[in-house]
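I opened a notebook page to record what I looked up in this structure, one entry at a time. The entries follow the order in which I looked.

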Amino acid sequence: MTEIPSRWTDRLLAEGDDPDPRFTLANERTFLAWIRTALAVIAGGIGVALAGDALAPVLRNGLAIAFSATGALMAALAFRRWLRTERALRRAETLPPPALAPIMSYGLALAAIVLLAALLVGR
């Protein structure tokens, strides 16, 4: 009787063949870069929350929540991206496109525009 893997790591390693370690390590470095970015976005949310009188309280709290929530989403999607890429490497399939790139690009651009507009109007 074959044992059914129970942990997600066992299930992942049961798929396909081991890829070249360099690709697995590059995938891990990319994951860690996304995690660092997520932490920076969360820290930006904390910074906005502590902005004091520079922003109206409603806007300040809204931006702080938006930055923090975006950072949390990026962290969750970073793991999903790592897992999908690792599976593709093990199966010798085409790598999945980065779903995080548009979230980070457009989301941060929008937040920066809102913050800039709020700072200019508040002066």
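**Entry on the cavity.** I began with the lining of the largest cavity, and I noted that its largest share, 4 residues, comes from α3. The model is predicted, and I kept that in mind for every entry below. How many cavities of 30 Å³ or more does the structure hold? I found 1, and the space in the largest cavity comes to about 60 Å³. I wrote down its lining as Leu77, Arg80, Arg81, Arg84, Pro97, Ala99 and Leu100. When I sorted these residues by kind, the lining divided into 4 nonpolar and 3 charged residues, with no polar ones.

**Entry on helix α3.** I then looked up α3 itself, which covers residues 57–91. Its 35 residues should span 51 Å at 1.5 Å a residue, and since its end C-alpha atoms are 51 Å apart, the expected and computed values agree.

I picked out Met74, which lies in this helix. Is Met74 buried or exposed? Its relative accessibility is 0%, so I entered Met74 as buried, the cut-off for that word being under 20%. Leaving out residues up to four places away in sequence, I listed Trp34, Thr37, Ala38, Val41, Leu100 and Met104 as the residues that Met74 touches. I also looked up Val121, which is 47 residues from Met74 along the chain, and found the two C-alpha atoms separated by 30 Å.

Further along α3 I came to Thr85, which has a relative accessibility of 7% and therefore counts as buried too. Apart from its neighbours within four places in sequence, Thr85 is in contact with Asn27, Leu95 and Pro96.

**Entry on the aromatic pair.** I searched for paired aromatic rings and the count came to 1 pair. The pair is Phe79 with Trp82, whose ring centres are 5.8 Å apart and whose planes meet at 25°, so I recorded the pair as stacked; the cut-off for that label is an angle under 30 degrees. Why are these two residues about one helical turn apart? They are separated in this way because they are 3 residues apart in helix α3. I added a reminder for myself that an α-helix has 3.6 residues a turn, so residues three or four places apart point the same way. I then looked up how much of each residue is accessible: Phe79 is partly exposed, at a relative accessible area of 35%, whereas Trp82 is buried, at 15%.

**Entry on the pocket.** Both members of that pair appeared again when I turned to the largest pocket, since I found Phe79 and Trp82 among the residues that line it. The other lining residues I noted include Leu12, Leu13, Asp18, Pro19, Thr24, Phe31 and Arg90. The space in this pocket is about 200 Å³. Which helices each supply at least two residues of the lining? I entered α1 (8–14), α2 and α3. By kind, the lining of the largest pocket divides into 7 nonpolar, 1 polar and 4 charged residues.

**Entry on helices α2 and α4.** I looked up α2 (residues 21–49) next, and its 29 residues should span 42 Å at 1.5 Å a residue, which agrees with the 42 Å between its end C-alpha atoms. In α2 I marked Asn27, Trp34, Ala38, Val41, Gly45 and Val48 as buried, and I noted that what covers these buried residues includes α3 and α4 (100–122).

For α4, I recorded 23 residues and a reach of 32 Å from the first C-alpha to the last, close to the 33 Å expected. Here I marked Leu100, Ala111 and Ala118 as buried, and the buried residues of α4 pack against α2 and α3.

**Entry on the loop after α3.** My last entry concerns Ala92, which lies in the loop between α3 and α4. What is notable about its phi? Ala92 has a positive value near 60°, although it is a residue other than glycine, and this comes just after α3. I wrote beside it that most residues other than glycine have a negative phi. At a relative accessible area of 73%, Ala92 is exposed.

Methods:
Residues numbered from 1 in each chain as written. Predicted model: local features only at pLDDT ≥ 70, side-chain atom pairs only at ≥ 80, totals over all residues. Heavy atoms only, no water. Buried < 20%, exposed > 50% of the residue type's maximum accessible area, 1.4 Å probe, protein only. Contact = heavy atoms within 4.5 Å. Expected span 1.5 Å × (residues − 1). Phe/Tyr/Trp six-rings, centres within 6.5 Å; stacked < 30°, edge-to-face > 60°. 1 Å grid on protein atoms, 1.4 Å probe; cavity = no way out; pocket = protein on both sides within 12 Å on 5 of 7 lines; lining within 4 Å. Points joined across faces, edges and corners; volume = space filled by probe spheres on them. Nonpolar A, V, L, I, M, F, W, Y, C, P; charged D, E, K, R; others polar.
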